[in-house]
Amino acid sequence: MSVLSTGIKAAIVALALGGALAAAAQEPVLNLYSARHYQTDEALYAGFTKATGIKINRVDADDAGILARLRSEGASSPADVVLLVDAARLWRAETEGLFQPVDSKLLESRLPAKLRGKDQGAGSQWFGFSTRARVIVFNKANVQREDADTYQELADPKNKGKVCTRSGSHPYNLSLFGSIYEHIGAAATETWLKGVVANMSRSPKGGDTDQIRAVASGECGIAVTNSYYVARLMRSSKPEDKAVVEKIGVIFPNQDGWGTHVNIAGGALAKHAPHPEAGIKFLEYLASDSAQAHFANGNNEYPAVPSVKVANPALDALGSFKSELIPLSVVGLNSVRVQQLLDRAGYK
């Protein structure tokens, strides 16, 4: 009798274990490859799981690392959704066949066409969910605002020895240069790049925050940076950050012309997504009012959905601005052409 009881108990345990494993195997999941390295995004992901019950498994890397991983994994890639922080990289991944089109009326209705990939009839392959302006910062003690209120003036001889930038080949700069290429053409862009190089106070290095600090310290007089880096310093309680903000001015360039260049952080459904339904749900969630407000209030980005209101004191202080109207898919294409011009201009 005791042997039988032991056998029954074992069978019950096995059934229970099998049921638990089956339930775990069927637990809804989303595999996310993300180039967004912002701690504030944890709340964004938690909000999606709470709303849908879908667990997020995340792999973090930079844009280049994520695309390299997708290429190497091929059809066996577990990625469902890919988040990148630059339009040129999103465009490049699309041209390499790493994404698939998403036919979503919700995304089409909430996100402006200029912030989406080109729709070839089956839906766009990538979507911009937040934007950041490429602004100019200047040292208020030794540079006049009117001497740096356009991108063109970065190459003007009057600013010789004053310009600092990060690497010209960084995606943020490549997208800006791709935008300028569209406005003034190849020959003029090459001439402009050579002028920027001639005006540099030191060789390109560091990130955008480093450029802002260099302007504040007087190492250089003018630099370009994404707007959210400025807003982050403005919201900081650290004395050293407050000191930096007091010494710099911020310009939205080309307000009397074509407008300020705007880049995006965006997402796409991976080509071989094993959970495409969950992937589309996540992309649509990123266009929701709550997620859009998070981009603005949590990470100092501008929401992509025009109707979403911003409650961020730093963005309010920076004020409104006119942005350029070039589709970001065009900027992506031009950034490839610009790379050759950088080499000829000696822009490192």
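The legends below go with a set of views of one predicted model, beginning with the whole chain and then moving to close-ups.

**Figure 1. The whole chain, with its 14 helices and 10 strands.**
In this predicted model, the C-alpha atoms of the chain fill a box of roughly 100 × 45 × 35 Å, taken along the principal axes. The chain has 348 residues, and 50% of them count as buried. If we take the contacts between residues at least 6 apart in sequence, 78% of them join residues that are at least 24 apart.

**Figure 2. Helix α4, which spans residues 87-95 and is mostly covered.**
How many of the 9 residues of this helix are buried? The count is 7, and the residues concerned are Ala87, Ala88, Arg89, Leu90, Trp91, Ala93 and Glu94. The elements that cover these buried residues include the helices α3 (63-73), α6 (171-184) and α14 (328-345), together with the strands β3 (81-84), β4 (99-100) and β9 (262-270). At the start of the helix, a side-chain oxygen of aspartate 86 comes to within 3.1 Å of the backbone nitrogen of alanine 88. After the helix comes glycine 97, which has a positive phi, near 75°.

**Figure 3. Serine 175 and its contacts in helix α6.**
Is serine 175 buried or exposed? Its relative accessibility is 0%, and because buried means under 20%, serine 175 counts as buried. Its side chain makes a polar contact of 2.6 Å with the side chain of aspartate 86, the residue whose side-chain oxygen also reaches towards the backbone of alanine 88 at the start of α4. Another polar contact, of 3.3 Å, joins the side chain of serine 175 to that of asparagine 263. When neighbours within four places in sequence are left aside, serine 175 is in contact with Asp86, Ala88, His261, Asn263 and Val331.

**Figure 4. Aromatic rings, of which the structure holds 11 pairs.**
One of these pairs is formed by phenylalanine 127 and phenylalanine 129, whose ring centres are 6.4 Å apart and whose planes stand at 35°, so this pair is tilted. Both of these phenylalanines are buried. In the pair of tyrosine 228 and tyrosine 229, the ring centres are 4.4 Å apart and the planes are at 25°, so this pair is stacked. Tyrosine 228 and tyrosine 229 are likewise buried. Elsewhere, one aromatic cluster is formed by Tyr45, Phe48, Phe282 and Tyr285.

**Figure 5. The largest nonpolar core, made up of 48 residues.**
Which residues have the most contacts inside this core? They are Phe99, Phe129 and Phe282. Helix α11 (residues 276-286) gives the core its largest share, which is 5 residues. Phenylalanine 99 touches, among others, Val82, Leu84, Leu90, Ala93 and Glu94, as well as Trp126 and Ala268, when residues up to four places away in sequence are not counted. Leu90, Ala93 and Glu94 in this list are also among the buried residues of α4. A second core, separate from this one, has 27 residues, and Ala133, Val135, Val230 and Leu318 are among them.

**Figure 6. The largest cavity, with about 50 Å³ of space.**
A search of the whole structure finds 2 cavities of 30 Å³ or more. The residues that line the largest cavity are Arg36, Leu44, Leu83, Leu84, Phe129, Ala265, Gly266, Leu286 and Phe295. The elements that give two or more residues to this lining are β3 and β9.

**Figure 7. The largest pocket, with about 540 Å³ of space.**
This pocket is lined by 22 residues, and those closest to its centre are Thr131, Tyr302, Pro303, Phe321 and Ser323. Strand β10 (302-303) and helix α13 (313-318) are the elements that give two or more residues to the lining.

**Figure 8. Glycine 206, in the loop between α7 (186-198) and α8 (208-217).**
With a relative accessibility of 44%, glycine 206 counts as partly exposed. Glycine 206 and serine 167 are 39 residues apart in sequence, and their C-alpha atoms are 7.7 Å apart in space. If residues up to four places away in sequence are not counted, glycine 206 touches Arg166 and Gln211.

Terms used:
Residues are numbered from 1 along each chain as its sequence is written. This is a predicted model: local features need pLDDT of at least 70, side-chain atom pairs count only at pLDDT 80 or more; totals for chains, interfaces and linings use all residues. Side-chain values use heavy atoms; hydrogens and water are left out. Buried means under 20% relative accessible area, exposed over 50%, partly exposed in between (1.4 Å probe, protein chains only). Helices (H or I, at least four residues) and strands (E, at least two) are DSSP runs, numbered from the N terminus. Contact means heavy atoms within 4.5 Å. A polar contact is a pair of N or O atoms within 3.5 Å; within protein, one must be able to donate a hydrogen and the other to accept it, and residues adjacent in sequence count only if both atoms are side-chain atoms. Rings of Phe, Tyr and Trp (its six-membered ring) pair if their centres lie within 6.5 Å; planes under 30 degrees apart count as stacked, over 60 as edge-to-face and the rest as tilted. A nonpolar core is a set of buried Ala, Val, Leu, Ile, Met, Phe, Trp, Tyr and Cys residues joined through side-chain atoms within 4.5 Å. On a 1 Å grid over the protein atoms alone, a cavity is a set of points where a 1.4 Å probe fits but cannot get out, and a pocket is an open set with protein on both sides within 12 Å along at least five of seven lines; lining residues have an atom within 4 Å of a point. Grid points are joined across faces, edges and corners, and a volume is the space filled by probe spheres set on the points.
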